[in-house]
Amino acid sequence: MAKLRVQGSRWWAFDGTTLVRLVCLKTFDPGSDSAGKIEITCLDEEETKSYIPGLSDPGDGSMGFDIDTANTSHLQIVQWATDKKELTIIQGGTDSQSIPTVTGGVLDDLPADRTWWKFEASLTTPVWKFDADTLVNCTVTMQRKSATKWIPKT
């Protein structure tokens, strides 16, 4: 049975022109979606309402890292968050070393020999954390505007 480890995963962000590998993230949570509900209860029902699932509401996620001013991806994440930039976020599983590519400013199809997670999100204002006996930490909220698409390796 194949199992995917978290350690060794890789993340990228595509801002519409440039693909940037996000190096040395400490936490990553894509968030969870919630589904609305549409009531379908008949007026002659006396005890319990009935529902069917409605549209999904993409959840907010987050990414965190110990800030390293020599890490250009950390600087880029903070800038994107400050600008509230819309991005395509891509996570590659540990089952291959294939990487996403861009041709002519367009994100290519992801390689089929690796498991992927992909979604659209806007980053929001960075939150800084200063605790004793730790490194300065930054957490950025990802306001997703799409579901997280899971693409298993084939």
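Visitor: Which residues touch the most other members of the largest nonpolar core?

Guide: This is a predicted model. Its largest nonpolar core has 20 residues. At least two of these residues come from each of strands S1 (10-14), S2 (19-22), S6 (60-66), S7 (86-92), S10 (116-123) and S12 (137-144), and also from helix H1 (72-83). The members that touch the most others are Leu-22, Met-63 and Leu-123.

Visitor: Which element supplies the largest share of this core?

Guide: Several strands and one helix, H1 (72-83), are listed as supplying at least two residues each. The largest share is four residues, and the element that supplies it is H1.

Visitor: What is Met-63 in contact with, leaving aside its neighbours within four places in sequence?

Guide: Met-63 is among the residues that touch the most other members of the largest core. Its contacts include Ile-77, Ile-89 and Leu-123. On the N-terminal side of the sequence they include Leu-22, Leu-25, Thr-27 and Phe-28. The rest of the list is Cys-138, Thr-139, Val-140 and Met-142.

Visitor: How many residues make up the second, separate core?

Guide: Trp-12, Phe-14, Ile-90 and Leu-110 are included in this second core. It is separate from the largest one, and its residue count is six.

Visitor: Is Cys-138 buried or exposed?

Guide: A search of the whole structure finds zero disulfides. For Cys-138, the nearest cysteine sulfur belongs to Cys-24 and is 13 Å away. The relative accessibility of Cys-138 is 0%, so this residue counts as buried.

Visitor: What is the phi of Cys-24, and where does this residue lie?

Guide: Most residues other than glycine have a negative phi. Cys-24 is not a glycine, yet its phi is positive. Cys-24 is exposed because its relative accessibility is 52%. It lies in the loop between S2 and strand S3 (27-29), and its phi is about 65°.

Visitor: Which residue in the loop between H1 and S7 has a positive phi?

Guide: The residue is other than glycine, and its phi is near 55°. It counts as partly exposed because its relative accessible area is 46%. The residue placed in this loop is Lys-84.

Visitor: How far apart in space are Thr-124 and Val-78, C-alpha to C-alpha?

Guide: Thr-124 sits in the loop between S10 and strand S11 (127-129). It is buried because its relative accessibility is 13%. Beyond its neighbours within four places in sequence, Thr-124 is in contact with Ala-81, Lys-84, Val-140, Thr-141 and Gln-143. Thr-124 and Val-78 are 46 residues apart in sequence, and their separation in space is 9.0 Å.

Visitor: Is Gln-91 buried or exposed?

Guide: Gln-91 belongs to strand S7. Apart from neighbours within four places in sequence, its contacts are Ser-9, Arg-10, Trp-11, Phe-28, Thr-115, Trp-116 and Trp-117. The relative accessible area of Gln-91 is 15%, so Gln-91 is buried.

Visitor: How far apart are the closest N and O atoms in the salt bridge of Asp-66 with Lys-26?

Guide: The count of salt bridges comes to four. This one joins Asp-66 in strand S6 to Lys-26 in the loop between S2 and S3, 40 residues apart. Asp-66 counts as buried because its relative accessibility is 18%, whereas Lys-26 counts as exposed because its value is 52%. The closest N and O atoms are separated by 3.1 Å.

Visitor: Which residue forms a salt bridge with Lys-145?

Guide: In this salt bridge the closest N and O atoms are 2.9 Å apart. Lys-145 lies in the loop between S12 and strand S13 (149-151), and its partner is in strand S7, 59 residues apart. The partner is partly exposed because its relative accessible area is 45%. That partner is Glu-86.

Visitor: Which residue forms a salt bridge with Lys-129?

Guide: Lys-129 is partly exposed because its relative accessible area is 47%. The partner is also partly exposed because its relative accessible area is 40%. The closest N and O atoms of the pair are 3.6 Å apart, and the partner is Asp-131.

Visitor: What is the area of the nonpolar surface patch made by Ile-38, Ile-40 and Ile-52?

Guide: Ile-38 lies in strand S4 (residues 34-39). It counts as partly exposed because its relative accessibility is 44%. The area of the patch made by Ile-38, Ile-40 and Ile-52 is about 250 Å².

Notes:
Residues numbered from 1 in each chain as written. Predicted model: local features only at pLDDT ≥ 70, side-chain atom pairs only at ≥ 80, totals over all residues. Heavy atoms only, no water. Patch = residues over 30% accessible without salt bridge, like charges linked within 9 Å, V, L, I, M, F, W, Y side chains within 5 Å. Areas by Shrake-Rupley, 256 points an atom, 1.4 Å probe, with all protein chains shown as cover. Salt bridge = Lys/Arg side-chain N within 4 Å of Asp/Glu carboxyl O. Buried < 20%, exposed > 50% of the residue type's maximum accessible area, 1.4 Å probe, protein only. Core = buried A, V, L, I, M, F, W, Y, C linked by side-chain atoms within 4.5 Å. Contact = heavy atoms within 4.5 Å. Disulfide = S-S within 2.5 Å.
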